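I opened the notebook to look up cavities, a metal site, backbone oddities and one annotated domain. The entries follow in the order I took them.

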Amino acid sequence: MSALPKAKLDATQARLAALSAPEAPGWTGPARNAALERVETLGLPAPRDEYWRFTRPASLVQAEAPAAEVYTSSDTPIFDGIDRVKLVFVDGVFDAGASDDPALAGVTIERLQAAQTTDIHWARDLYGTLEARGQTPVARPLAALNTAFATDGVLIHVTGRAERPVSLIYLHESETSDAYLHHVVKLEAGAEMTLLENGPGAARMNMVMEVELADRAAFHHVRAQGRDHQRRAATHVFARLGSESTFKSFTVTMNGVMTRNECVLELTGDNATAHVAGAALGDGDFHHDDTVFVTHDAVNCESRQVFKKVLRNGATGVFQGKILVKPGAQKTDGYQISQSLLLDGDSQFLAKPELEIYADDVACSHGSTSGAIDETGLFYLRSRGIPEGPATDLLTLAFLAEAVQEIEDGALQEEVLDRLRGWLERRRH
Amino acid sequence: MLEIKNLHVKLEEEDKQILKGVDLTVEAGKVHAIMGPNGSGKSTLSYVLSGRDGYEVTEGAATLDGTDLLELEPEERAAAGLFLAFQYPVEIPGVGNMTFLRTAVNAQRKARGQDELSATEFLKVIREKAKALKIDAEMLKRPVNVGFSGGEKKRNEILQMAMLEPKMCILDETDSGLDVDAMKLVADGVNALRDEGRAFLVITHYQRLLDHIKPDVVHIMSDGRIVKTGGPELALEVETNGYADFLEEA
Ligand SMILES: Nc1ncnc2c1ncn2[C@@H]1O[C@H](COP(=O)(O)OP(=O)(O)OP(=O)(O)O)[C@@H](O)[C@H]1O
Ligand SMILES: [Mg+2]
């Protein structure tokens with residue numbers, strides 16, 4: 001730890017001093033210790049770090065979570081219309097009374113807090129493993145910090161085809177809550193499930209999810225990050241894909257003063273498919289960072305990154321996306337697009353798309369754009385009688401469509417669209 | 001119905017006068033045609049009437065049944081019954097043609113205090129009208145004008161007109177880019193809408209469209225003014241002699 005620059009060392013030590021490890025970590029103990037060592041070696045993110053060039057890490061790193069007012073709304077929560085198994089966490093603490101009985105054919109669901117003290121557990125070889133793999137070639141110290149100090153989370157083992165989605169609901173009730181949740185999902189060969197997440201979760205949320213997909217498994221993930229304006233979040237999704245498996249993750253983010261969503265995908269089996277997409281809408285004090293790293297390490301795999309941001313009143317959007325094609329990963333089909341729609345001149349979009357390719361027979365494309373509403377299109381719509389507000393919304397939704405269409409399930413897509421329409425409508429008055 | 005008086009228009013950004021005193025009155029139930037050389041200001045007139053940004057009216061007036069058009073937002077002009085079939089219909093990626101049309105129809109109904117059409121009612125009407133214009137279901141599902149051929153775009157404009165049932169229809173070179181059969185379809189579409197309460201202003205370069213849509217009055221526009229007004233024979237004159245005669249007269 002002493003090899004770190006002084007400022008980084010001080011910040012890291014200050015953070016660690018304010019955290020305490022669980023008293024009975026059980027089989028997670030060794031993984032937690034190793035993760036703590038990683039944090040100590042790497043140090044927590046600091047302003048000069050290249051990977052944090054566009055996002056200030058201070059508020060995510062500092063010992064105390066900055067206060068975040070609790071947002072109240074009379075709207076029905078997202079996914080309300082979906083038949084699902086609900087597990088509720090309030091400020092990072094499991095709420096058994098508000099949760100469903102986690103019985104679901106083909107799936108076992110346990111809580112990390114309880115399961116870590118059992119003798120033998122399937123998650124033992126996974127907890128912290130994908131996170132640790134994800135530390136190279138780029139360090140993600142906030143994820144290691146999570147592995148070391150996570151207070152709870154869910155362990156989901158999928159052996160068949162889950163007939164209903166599992167839905168993690170993160171409520172935020174305390175203005176100063178600081179939550180560390182760590183989930184592990186393992187899909188056996190041919191297994192299939194949909195995981196939903198919604199809500200802010202805490203004033204400051206640090207969330208890690210590790211997903212292991214065996215051959216032919218399929219994982220669908222749809223997440224809505226909660227509308228509290230002052231909430232902060234640092235999330236990491238790590239996934240490792242076996243042959244012919246499918247991973248699809250979509251995140252919608254509306255509001256939030258600071259969000260850093262990292263997604264680290266490793267395609268290790270041939271013919272696998274990994275899609276990660278996001279729609280972020282920010283108005284005013286909003287900073288949203290999508291950082292994605294996709295590694296192709298097998299033949300004939302497909303990956304897609306589709307990120308769209310709508311920004312106004314000085315909101316900031318960041319995208320850092322990389323496709324790494326390792327030697328031998330022939331026939332890779334990699335696609336990456338990041339776009340922002342700037343609704344005024346005060347907002348900004350910062351993007352760093354990267355390709356690094358060590359195989360010769362690959363097709364990779366990437367693009368990044370930033371632009372305003374198309375005036376000609378707007379006039380065309382208005383000339384047909386559609387007022388300026390709804391016409392602008394229509395064009396905005398059209399801009400977001402490519403990302404939203406990444407959600408395969410029609411009903412889930414509609415749930416998300418509904419929220420997007422609501423957000424846009426509220427901003428018309 | 002449409003009354004344009006001494007309309008002067010310049011570009012907002014540049015010191016360039018485009019319309020230099022246009023006078024034009026179109027009565028209800030009539031079809032007027034405007035012909036005129038490239039760059040004479042025909043499209044500019046249609047844009048200014050429908051409320052596009054970028055132009056400044058420096059003098060004159062335009063009213064629709066007595067309502068001052070120039071004071072209204074584009075959507076209010078549409079709700080008042082004005083429709084422009086664009087010379088270059090705009091592509092709108094990501095917005096389905098059907099969604100677009102339903103939003104437009106219902107926005108206008110709402111502005112006029114009518115109930116919105118239900119999805120089924122709307123579907124019934126649009127299917128029928130699309131069929132008449134040989135627009136298939138697949139084209140209705142596609143994003144507005146995206147990947148449409150030139151002729152398909154023009155037919156899509158007429159479909160919008162048929163759905164919105166405006167009272168003042170301006171058609172800016174709707175015949176350009178149409179094959180003979182499509183021209184007939186479009187003309188049939190227009191003729192089906194002709195009635196006493198509706199008027200048309202048809203901008204065209206060719207007599208051929210006017211064979212199908214018989215105009216009551218033909219105007220020649222040149223350098224930002226109407227320089228000659230007459231009957232259908234004027235269009236024939238243009239077809240044989242070009243514009244030289246009129247330009248000299250002006
Ligand atoms: N936004 C603009 N910027 C610059 N020039 C313009 C603009 N709009 C119109 N003009 C100019 O104004 C004149 C009239 O253009 P307009 O499009 O109205 O002509 P038109 O009669 O419709 O021609 P055509 O028969 O070729 O369609 C042209 O010289 C054109 O270049
Ligand atoms: Mg023109």
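**Entry 1. Cavities.** Before listing linings I fixed the term: a cavity is a set of grid points where a 1.4 Å probe fits but cannot get out, and a lining residue has an atom within 4 Å of such a point. I am working on a predicted model. I counted four cavities of 30 Å³ or more.

I took the second largest cavity before the others. Its volume is about 80 Å³. I found A:R223, A:V237, A:S249, A:T251, A:N261 and A:E262 in its lining, together with A:C263, A:V276, A:A277, A:D290, A:V292 and A:F307. I sorted this lining by class and got six nonpolar, three polar and three charged residues.

Which strands of chain A each supply at least two residues of this lining? I noted strand 11, strand 12, strand 13 (273-283) and strand 14 (287-296). Strand 12 gives the most, with three residues.

I then turned to the largest cavity. It holds about 100 Å³ of space. I recorded 13 lining residues, and A:Y170, A:G199, A:M205, A:Q225 and A:T235 lie nearest the centre. By class, I put six in the nonpolar group, four in the polar and three in the charged. Strand 7 (192-198), strand 8 (204-213), strand 9 (218-224) and strand 10 (232-241) of chain A each bring at least two residues to this lining.

**Entry 2. A pocket.** I looked next at the second largest pocket. I noted a volume of about 640 Å³. Its lining has 29 residues, and those closest to the centre are A:P77, A:I78, A:N198, A:G199 and A:P200. I split the lining into 13 nonpolar, eight polar and eight charged residues.

Which strand of chain A gives the most to this pocket lining? I found strand 5, with three residues. Strand 1 (85-90), strand 5 (166-171) and strand 11 (246-254) of chain A each supply at least two. I marked A:G199 twice: this residue is among those closest to the pocket centre, and also among those nearest the centre of the largest cavity.

**Entry 3. The magnesium ion.** Which protein atoms are donors to ligand 2? I found OG of B:S43 and OE1 of B:Q87, at 2.0 to 2.2 Å from the magnesium ion. The two donors sit 44 residues apart, so I noted that this pair links distant parts of the chain: B:S43 is in helix 1 (residues 42-50) of chain B, and B:Q87 is in the loop between strand 6 (82-85) and strand 7 (92-96). I checked burial too. Both B:S43 and B:Q87 are buried.

**Entry 4. Backbone.** I kept one rule in mind here. Most residues other than glycine have a negative phi, and most peptide bonds are trans.

I found a cis peptide bond from A:T136 to A:P137, with omega near 0°. A:P137 sits in the loop between helix 5 (129-133) and helix 6 (141-149) of chain A.

I then listed two positive phi values. A:N255 has phi near 75° and is not a glycine. This residue lies in the loop between strand 11 and strand 12 (258-267) of chain A. B:D223, also not a glycine, has a phi of about 45°. I placed B:D223 in the loop between strand 11 (217-222) and strand 12 (225-230) of chain B.

Are these two buried or partly exposed? A:N255 has a relative accessible area of 4%, so I called A:N255 buried. B:D223 is at 45%, so I called B:D223 partly exposed.

**Entry 5. Helix 6 of chain A.** I checked how covered this helix is. Nine of its nine residues are buried. I wrote down the stretch as A:P141, A:L142, A:A143, A:A144, A:L145, A:N146, A:T147, A:A148 and A:F149.

**Entry 6. An exposed glutamate.** I located A:E64 in the loop between helix 3 (58-61) and strand 1 of chain A. Its relative accessible area is 63%, so I logged A:E64 as exposed. From A:E64 to A:T392 I noted 328 residues in sequence and 40 Å in space, C-alpha to C-alpha.

**Entry 7. Annotation.** An unreviewed UniProt entry annotates residues 32-161 of chain A as "domain: SUF system FeS cluster assembly SufBD N-terminal". Over residues 32-161, I noted 25% helix and 14% strand. The end C-alpha atoms of that range are 31 Å apart.

Technical notes
Residues numbered from 1 in each chain as written. Chains lettered and ligands numbered in written order. Predicted model: local features only at pLDDT ≥ 70, side-chain atom pairs only at ≥ 80, totals over all residues. Heavy atoms only, no water. Donors = N, O, S within 2.8 Å, 3.2 Å for Na, K, Ca; no water. Helix = DSSP H or I, 4+ residues; strand = E, 2+ residues; numbered from the N terminus. Buried < 20%, exposed > 50% of the residue type's maximum accessible area, 1.4 Å probe, protein only. UniProt positions renumbered as here; feature names shortened; annotations may be inferred. 1 Å grid on protein atoms, 1.4 Å probe; cavity = no way out; pocket = protein on both sides within 12 Å on 5 of 7 lines; lining within 4 Å. Points joined across faces, edges and corners; volume = space filled by probe spheres on them. Nonpolar A, V, L, I, M, F, W, Y, C, P; charged D, E, K, R; others polar.
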